[in-house]
Amino acid sequence: MARINWTRDELLLACALVVENGWRELRPADKRVQNLSKILRKLPLHDGAAADPKFRSPGSVSRKTGDIVTARLGYHGVTTKGGQLTREVVADFTKRTDEMLSAAQALYAGVASSELVRVPAQEGEGALGREGQLLRRWALYRERDKPLRDRKIQAVLEEGIPLQCEVCSFDFTTAYGELGDGYIEVHHRLPLHISGVTETRIADLALLCANCHRMCHRTFRGESWRTPAALRRQMRKSV
Ligand SMILES: [Zn+2]
Ligand SMILES: [Zn+2]
């Protein structure tokens, strides 16, 4: 079978392991490597690849941890070989260690709950941010949960607040009349890879119009998530 390139999601998990191991390579016999090998073989990233018993074997995971250590030398100015994506992930871990470790933890939690593995591809996944494909997909899926959305809208209406975009005040009913009545989108103020996997509270959700919601999720300079407050600042800068 042809060699299958490592995705950002896989590199994120492997790099987290290397960081936790003090930026040192891990051997194939190491339990953590064997555990990661099992997880990588379960991720819905490479259709059918796990039919090959050698796919993401402990040996290949161990070699990847070696590549990561080497790529880090490159980050510190030593000339090294190694893939561009590996170097990017290493740079992310070097600059934003806590954020990246928390993303890896959210991925592990997602696999453990088995919810993440079952989430279908989502509209608007688009270009990848630092947290990779699966967390982005899972986060979008969680936001589109209808009961959660209904609870948020109910809570806002009970407080007597109109259903308006928190960023630009767009009101679907005012703009579209009956057709827009009750329409609004729901956005997590904090992304899954920062907040970790927690039960969502109503206060964690913001109401946004479709345009502002798209802009909150647009990948730009590695960032694929904005809070309503950050988007508002961005809008002020542009006027
Ligand atoms: Zn808006
Ligand atoms: Zn959102």
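Helices (H or I, at least four residues) and strands (E, at least two) are DSSP runs, numbered from the N terminus. In this predicted model, the elements run α-α-α-α-α-α-α-α-α-β-α-β-α-α from the N terminus on, which comes to 12 helices and two strands.

Local features need pLDDT of at least 70 and side-chain atom pairs count at pLDDT 80 or more, while totals for chains, interfaces and linings use all residues. Residues are numbered from 1 along each chain as its sequence is written, ligands are numbered from 1 in the order in which they are written, and side-chain values use heavy atoms, with hydrogens and water left out.

The table lists the protein donors of two zinc ions, where donors are N, O and S atoms within 2.8 Å of the metal (3.2 Å for Na, K and Ca), and sites may look incomplete because water is not among the atoms.

| Ion | Protein donors | Distance |
|---|---|---|
| zinc ion (ligand 1) | Cys165 (SG), Cys168 (SG), Cys209 (SG), Cys212 (SG) | 2.3 to 2.4 Å |
| zinc ion (ligand 2) | Glu143 (OE), Glu143 (OE), His187 (ND1), His213 (NE2), His217 (NE2) | 2.0 to 2.3 Å |

Along the chain, the donors of the zinc ion (ligand 2) follow the spacing E-x43-H-x25-H-x3-H. Glutamate 143 lies in helix H7 (residues 132-143) and histidine 213 in helix H11, so this pair ties together parts that are 70 residues apart in sequence.

For the zinc ion (ligand 1), the donor residues are spaced C-x2-C-x40-C-x2-C in sequence. Cysteine 168 lies in the loop between helix H8 (146-158) and helix H9 (172-176), and cysteine 212 in helix H11 (residues 210-217), so this pair ties together parts that are 44 residues apart in sequence.
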